[in-house]
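The following exercises practise reading a protein model step by step. Please study the sequence and the structure before turning to the solutions.

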Amino acid sequence: MSLTGTPFLYTTIVLSVVALILPLVLWSRMRGPKAVRAAARVLMLLFAQATAVTLIFVLVNNENNLYDNWADLLGTGDHVQQAANLGQDGTGGIALKRLPKVKQAFSAADGPGMRAAGGVEVTQLKGRVSGVNAEVYVWLPPQYHEAAYRNHRFPVVELLPGYPGSAKAWFGSLKVTEQLEPLMRSGKVAPFILVAPRTNLLAGVDTGCANIPGTVNADSWLSIDVPKMVTDNFRAAAAPANWAVAGYSAGAHCAVKLAVAHPDRYRAAISLSGYNDPIGERNSLAAQSVTLREQNNPYLLLRKAVSPPRIALYISGESGDGYQAGVALEQIAKAPTTVHVVYLPRSAGGHNMALWRPQVPTVFEWLTLNMGQSHVRGGATPPEPSNAGSTHAALASGSASRAGAVRKR
């Protein structure tokens, strides 16, 4: 029975109800020795507590897409077949343009939000460079199958969850397709192909989207194998001008790091409540040594870059949870690098889906402008009005000004 499936949810609800009724019906009807009656009553109470805790866990897990299946929950999953030393560029010397195209088999994805707005497809991808074998989810914009767009190549956004987190989270918890489909139809948001690869590759640890020889090549999985699969199987526009990566929490760190480290593969990155130093997630493999932390810290990578990369970064967060990381990047960025930082006050929410979900339309409108997918004239970033008198929704969406935020800290 699937961890995130409807049958398991209904089963836990039924068991919780039964566990509540049993003591009410049987408590005073127990027969037998006193010790046996006491033991039976204790077991009923334990059963009630266990089912209640299980139901709460299932509801929280379904809402936040923390664990995709039983293997993820129990720490038995391993999606790494090999982790060769691929060198600094993560290719292992492989001529990527010479790799033959591989057609993938796709099927309809199951789970909350996966059937909305035309539905999400899933495939099992064996990474030819990274050695990772894992699922990748793909959603095609409404224009993809229209006759007027039959020769059009579409821009792509990779979507990364936090840790722990399921690749389904953007579709289920953040409702990205439900929010964006009407905006794409109206022209406010470009018709992006949305791609969500698995990032939980090893049991019990966050890969930090890093390449660690002998352990995992998560960077190459996300920045080489997944994009190659997308361009092989869909009408996807060429990188880097038409590719972006977005994430929240640990996924936000990965998004910025991938863009800064690979400006030849990505043009923009979205960071929702992220961090720069991998130590921000103590279970991250990239935080296990000073060397790894330095190699995977986008602040240090940007500061040490020989030439400022041609990338655009959108970073939002609360004080102490993403905002300072964005300001640090903004302060060292030099043209053509651009960094747009949005302060979110504590009243906007916490480190959760309720904070990130309403930001989806705003960040994709920003992506549309900054990736040259819109004919709208004006500045490269949305306007920053004062946050005085802003509504909760406006603050959470990222329309509050950073200048106003500084006054309120």
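A residue is called buried when its relative accessible area is under 20%, exposed when that area is over 50%, and partly exposed in between. The structure shown is a predicted model.

**Exercise 1.** Determine whether Ser 166 is buried or exposed, and describe its surroundings.

*Solution.*
Step 1. Locate the residue: Ser 166 belongs to the loop that lies between strand E4 (156-160) and helix H4 (169-172).
Step 2. Apply the cut-off: buried means under 20%. The relative accessible area of Ser 166 is 3%, so the residue is buried.
Step 3. List the contacts, leaving aside neighbours within four places in sequence: Ser 166 touches Asn 65, Leu 66, Asp 68 and Pro 161.
Step 4. Look for a polar partner: a polar atom of the Ser 166 side chain is 3.0 Å from the backbone nitrogen of Lys 168.

**Exercise 2.** Describe how strand E9 (residues 268-272) is covered and how it pairs with E8 and E10.

*Solution.*
Step 1. Examine burial: five of the five residues of E9 are buried.
Step 2. Separate the two faces: Ala 268, Ile 270 and Leu 272 point to one side, Ala 269 and Ser 271 to the other, and both faces are covered.
Step 3. Take one partner: strand E8 (residues 243-248) runs parallel to E9, with five bridges between them. In this pairing, Gly 247 is opposite Ser 271 of E9. From E8 the chain passes through helix H7 (residues 250-261) to E9, giving a right-handed β-α-β crossover.
Step 4. Take the other partner: strand E10 (residues 312-317) is parallel to E9 and is joined to it by five bridges. Here Leu 272 is opposite Ser 316 of E10.

**Exercise 3.** State how many salt bridges the model has, and examine the surroundings of several of them.

*Solution.*
Step 1. Give the total: the count is nine salt bridges.
Step 2. Consider the pair Glu 135 and Arg 198, whose side chains form a salt bridge at 2.9 Å, N to O. Glu 135 is part of strand E3 (residues 133-139), while Arg 198 is in the loop between strand E5 (193-197) and strand E6 (211-212), so the pair ties together parts 63 residues apart in sequence. Glu 135 has a relative accessible area of 10% and is therefore buried. Arg 198, at 3%, is likewise classed as buried.
Step 3. Consider Asp 277 and Arg 293, which form a salt bridge at 2.6 Å, N to O. Asp 277 is in the loop between E9 and helix H8 (290-295) and Arg 293 is in H8, 16 residues apart. Asp 277 is partly exposed at 22%, and Arg 293 is partly exposed at 28%.
Step 4. Consider Arg 115, which is bridged to Asp 110 with the closest N and O atoms 2.6 Å apart. The relative accessibility of Arg 115 is 55%, so this residue counts as exposed.
Step 5. Note a network: salt bridges link Arg 128, Lys 228 and Asp 232.

**Exercise 4.** Identify which residues of helix H5 (residues 176-186) are buried and what they pack against.

*Solution.*
Step 1. Name the buried residues: Val 176, Thr 177, Gln 179, Leu 180, Leu 183 and Met 184.
Step 2. Compare their directions: these residues span an arc of only 155 degrees around the axis, so they lie on the same side of H5.
Step 3. Find their partners: the buried residues of H5 pack against E3, E4, H4, E5 and helix H12 (360-370).
Step 4. Inspect what follows the helix: Gly 187 comes after H5 and has a positive phi, near 90 degrees.

Notes: Residues numbered from 1 in each chain as written. Predicted model: local features only at pLDDT ≥ 70, side-chain atom pairs only at ≥ 80, totals over all residues. Heavy atoms only, no water. Buried < 20%, exposed > 50% of the residue type's maximum accessible area, 1.4 Å probe, protein only. Helix = DSSP H or I, 4+ residues; strand = E, 2+ residues; numbered from the N terminus. Pairing = 2+ DSSP bridges. Right-handed = clockwise from strand over helix to strand, strands pointing away. Polar contact = N/O pair within 3.5 Å; in protein donor to acceptor, adjacent residues only side chain to side chain. Contact = heavy atoms within 4.5 Å. Salt bridge = Lys/Arg side-chain N within 4 Å of Asp/Glu carboxyl O. Arc of directions from axis to C-beta.
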